[in-house]
Amino acid sequence: MTCPKCTKTVSAAGACGGCGFEVPPHWLTDVQCSMAVTGARSAGKSIFIGVMIRHFGQFLADRHHTFLTPLNDTEDRFLRTYENYLYGEEGIIPPTPPDVPEPLMWSFTMGGRRFCLSLADAAGESFERLTPDQNAFAYLGGVDMICSLIDPLKVSDVRAIVRDTGIPLPAEAGNDLQVLRRVLQARAAHAIPGRVQVLALTISKFDVLQGLKNVDNDRWVSIMGRPGAAMQRDPSYVTQWDDPQDRLLLSQELRSLLPVLGAPLIEAAATESGLPYYLYAVSALGRPPGNDGFSTSGISPYRVLDPLKTLLTMKAVQA
Ligand SMILES: Nc1nc2c(ncn2[C@@H]2O[C@H](COP(=O)(O)OP(=O)(O)OP(=O)(O)O)[C@@H](O)[C@H]2O)c(=O)[nH]1
Ligand SMILES: [Mg+2]
Ligand SMILES: [Zn+2]
């Protein structure tokens, strides 16, 4: 058993001997699942986490008739760092400070099994500077899933079209491919022998690309406007577990999208890492944010549960 924060071996609940993190008893008794969300600055990591967890709680209640229980100080931190912004009056989430990432943890039941989820958010700024010797990022070698966000608003072609439509653009920051390679190198340096890890290559802010089917641009209209495409559907809230058929279909469509996004080397980096990987598309907000934050326009997420459902299904099968 390893600590969710520093990956040192732990044999009992309570303060970890390596880092002092309070390891909850659930971590030792339940099916462990851990996810690290990575990506460059403003890739959409924190908003994705905030919306994913909120919707996961609703999904558990509606589809599994169970509850998402925050552990340690997670409830307070989640409220302060995510929910107060996304569903309150605080305006947009500020950039995550480059501190040592502290996992958020929850416990819940799915399919009659208890799960304990550990989820790590970190600053894009830290990932952009990451080197394999940084022990604060050892968790990258211990997590079950690395969910790496790729931001379509970094693509100059997409930015140019979006700028024309008048939607506010976040500052262009960080190179997604470089960050992905740094994350995967750090992962390899801290890998725990025998641990199965998967990589979720996840296009964030997918509403931006879906919006291109309505613009005056033939190339994008033909790519994004195909009726019946998996990219146009969102069954993630309906199915109880991962749906492999839907996932494969979506992966195929996204595979043909990556070169168009100018990101063909993203898959090469994934292959180089030797990790099994899947492609996902998510939109946490479902639409571009307004200048004054989120609350006025409302949040209607798209496929935000897909990576997590793959992870939980994988762990349920392994357990
Ligand atoms: N259109 C659209 N924009 C989004 C979405 N999610 C995030 N954004 C935009 O991206 C900006 C950054 O989002 P964050 O979640 O704070 O990004 P981050 O990756 O956590 O950034 P750091 O903490 O600095 O590393 C937001 O202020 C939004 O403008 C989305 O689903 N759709
Ligand atoms: Mg953040
Ligand atoms: Zn520790």
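How do the residues of the shell around ligand 1 divide into nonpolar, polar and charged? In this predicted model, the split comes out as twelve nonpolar, seven polar and four charged. There are 23 residues around the ligand in total, and those that come nearest are Lys 45, Ser 46, Pro 95, Thr 96 and Gly 124. As for where the shell comes from, two helices each supply at least two of its residues: helix 2, spanning 45–64, and helix 7, spanning 206–210. Helix 2 gives the most, with three residues.

Helix 2 turns up again in the packing of helix 3. Helix 3 covers residues 74–86 and isn't straight: a kink of about 45° is centred on Arg 80. Its buried residues are Thr 74, Tyr 82, Tyr 85 and Leu 86. These buried residues pack against helix 2, and also against strand 4 (69–70) and strand 5 (104–110).

Next comes strand 9, residues 277–281. Five of its five residues are buried, so the strand is largely enclosed by the rest of the structure. Both of its faces are covered, with Tyr 277, Leu 279 and Ala 281 buried on one side and Tyr 278 and Tyr 280 buried on the other. Strand 9 also has a partner in strand 8 (residues 198–203), and the two run in the parallel sense, paired over five bridges. Within that pairing, Ala 200 sits opposite Tyr 278 of strand 9.

Two single residues round out the picture. His 26 belongs to helix 1, a run from 25 to 29. Is this histidine buried or exposed? His 26 has 20 other C-beta atoms within 10 Å, and the cut-off for burial is 20 or more, so His 26 counts as buried. Setting aside neighbours within four places in sequence, His 26 is in contact with Leu 71, Ser 107 and Cys 116. Ala 13 lies 13 residues away from His 26 along the chain, and their C-alpha atoms are separated by 8.3 Å.

The other residue is Ala 263, found in the loop that links helix 9 (244–260) and helix 10 (264–273). Despite its place in a loop, Ala 263 is buried, with 22 other C-beta atoms within 10 Å. Once neighbours within four places in sequence are left out, Ala 263 is in contact with Ile 150, Leu 177 and Leu 258. Ala 263 can also be placed relative to strand 9: Tyr 278 is 15 residues away in sequence and 15 Å away in space, C-alpha to C-alpha.

Technical notes:
Residues numbered from 1 in each chain as written. Chains lettered and ligands numbered in written order. Predicted model: local features only at pLDDT ≥ 70, side-chain atom pairs only at ≥ 80, totals over all residues. Near = placed C-beta within 6 Å. Helix = DSSP H or I, 4+ residues; strand = E, 2+ residues; numbered from the N terminus. Nonpolar A, V, L, I, M, F, W, Y, C, P; charged D, E, K, R; others polar. Bend = angle between axes of the 7 residues up to and from the residue. Buried ≥ 20, exposed ≤ 12 C-beta atoms within 10 Å, placed from the backbone. Contact = placed C-beta atoms within 7 Å. Pairing = 2+ DSSP bridges.
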